[in-house]
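Me: Could you take a close look at one part of this protein, the sheet and its surroundings, and then connect it to the rest of the chain? I would like the terms explained as you go.

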Amino acid sequence: MGTRNIRLLGFFFVVFAMLCSGRTINAQNTFTQTDSVTLTWDSVRTTLRDFGTVAVGNTECHTIYFKNTGTSPVIINKVFGFDGQGAFTSKTIPTLPVILLQNEIVSLAEFCFAPINGTDSVIEGAMAITGMIGSTVFSIDVRAKGFQKPDTLISKPFITLKMDGDFFGPIIMDGDASHTATLTSNRKETIQVRMDSDIYNGNGYFHVSGITFPYNMSAQEVKNFTITYSPRSNVAAVSYRSVGMLSLQASDNTESDYLKLTLPGVAILPTATDSSTALAAGSTDILAMISDNSVTTQTFHFKNTGSTNLKITGVDLKNKKSFAITDIQPTTTLPFILTPGQSMAV
């Protein structure tokens, strides 16, 4: 072979047509049928025609295999990918140069398609393989195409924020109720998230933990943190229904985006012995309790905070199917008198 005047620079152009069909590619020496090379494309899909549709920000790769189906050694010196927009790249797998004897095969390179702009269009690319058969230089162009789709993240806000519940509670006053909040970045670059203003309009009952603002989010990061509702009875203006607001600002080097999350919380009156519900003449007091399907008992405490006797004429339930009164102290006999300062329990 070393003495033959052979040019292989043109006979490999059958590569592209065969590549698109997903079949073995036979690129034979134009001057003799005894020396040839074979290229194959690893086909995840047996009818692979090209790289298919790939969205901006994603990458599709396939392996190019090279087989020496001739009788003379083949030396592969260089592999490189190119196209006008830089969407196609190749990464050589073995250390070059590589010498292939007859019937030897090598996984030569990873040929990858990674769209770089947001327009709907077909991108064409190629990977060039150069080497020697004897003293003859050859060059093979492996051509392919891919359809690029715009990056759908661009149409989304910088961040999205979700909470694993609709509202907090109802919980007993002076208790705590927490939800997990999930903050998701919709950008492929680092963005900074700031608390636009502190959680407000919630009587100071809402608190954030597990994240410190400002927070730098990496590309498409998902960050979980905790929001806790803590209604308190030791404040000047006690509130049993509170609405807070978490307001966040996300920004990169050029622009900003804003997001708000409404935080509703509901608390019910305390029932501890030292936190009795005040009774007043002529009033009707409705309290609540929380339970699951098991049997649960809750004692509600009351105290006559006035200066006159109170006549307790009735203790009743709003839901008699699920709840029952099992005891009343100081007596189950109604009506009875509750003197100033005296307590009762239901």
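Reply: A good place to begin is a single pair of residues: A177 has Y229 in β17 as its bridge partner. This is a predicted model in which local features need pLDDT of at least 70 and side-chain atom pairs count only at pLDDT 80 or more, while totals for chains, interfaces and linings use all residues. Residues are numbered from 1 along each chain as its sequence is written, and side-chain values use heavy atoms, with hydrogens and water left out.

The pair belongs to a longer ladder, since eight bridges join strand β13 (residues 177–185) to strand β17 (residues 222–229), and the two strands run antiparallel. Strands here are DSSP runs of E with at least two residues, and helices are runs of H or I with at least four, both numbered from the N terminus; two strands pair if DSSP finds at least two bridges between them. Together with two further strands they make an open sheet of four, in the order β11-β13-β17-β15, with antiparallel pairing. At the edges stand β11 (159–163) and β15 (206–209), each with a single partner strand, so that one side of each is left without a neighbour in the sheet. From one strand to the next the twist averages 25°, where axes are lines fitted to C-alpha atoms, for helices over the stretch in contact, and angles run from 0 to 180 degrees between N-to-C directions.

Just outside the two paired strands there is a charged contact, and it is the one salt bridge that the structure holds. The side chains of D176 and R232 meet in it at 3.1 Å, N to O, the term requiring a side-chain nitrogen of Lys or Arg within 4 Å of a carboxyl oxygen of Asp or Glu. D176 lies in the loop between β12 and β13 and R232 in the loop between β17 and β18, so the pair ties together parts that are 56 residues apart in sequence. D176 is partly exposed, at 48% relative accessibility, and R232 is likewise partly exposed, at 25%; the class covers values between buried (under 20% relative accessible area) and exposed (over 50%), with a 1.4 Å probe and protein chains only.

Strands of this sheet also contribute to the largest nonpolar core, which has 28 residues, and in which I159, L161, L183 and I227 have the most contacts. Such a core is a set of buried Ala, Val, Leu, Ile, Met, Phe, Trp, Tyr and Cys residues joined through side-chain atoms within 4.5 Å. At least two of its residues come from each of β11, β12 (168–172), β13, β14 (191–200), β16 (215–217), β17, β18 (241–251) and β19 (256–268), and β19 gives the largest share, four residues. Leaving aside residues up to four places away in sequence, I159 touches a set of residues that includes L183, I191, V193, M217, L248 and L259, contact meaning heavy atoms within 4.5 Å. In soluble globular proteins, nonpolar side chains tend to be buried together.

The backbone of this region has some less usual geometry, given that most residues other than glycine have a negative phi, and most peptide bonds are trans. A cis peptide bond, with omega of about 5°, joins G169 and P170, and P170 lies in strand β12. A second cis bond runs from F213 to P214, with omega near 0°, and P214 is found in the loop between β15 and β16. Q220, a residue other than glycine, has a positive phi near 55°; Q220 sits in the loop between β16 and β17 and is partly exposed at 42% relative accessibility.

Elsewhere in the chain, a second, separate core of 24 residues includes I64, V79, A87 and L100. The structure also holds one disulfide, formed by C61 and C112 with their sulfur atoms 2.0 Å apart, where the cut-off for a pair of cysteine sulfur atoms is within 2.5 Å. C61 lies in strand β4 (residues 60–68) and C112 in strand β8 (residues 105–113), so the pair ties together parts that are 51 residues apart in sequence. C61 is partly exposed at 33%, whereas C112 is buried at 12%.

For the whole protein, the secondary structure comes to one helix and 24 strands, and 37% of the 346 residues count as buried.
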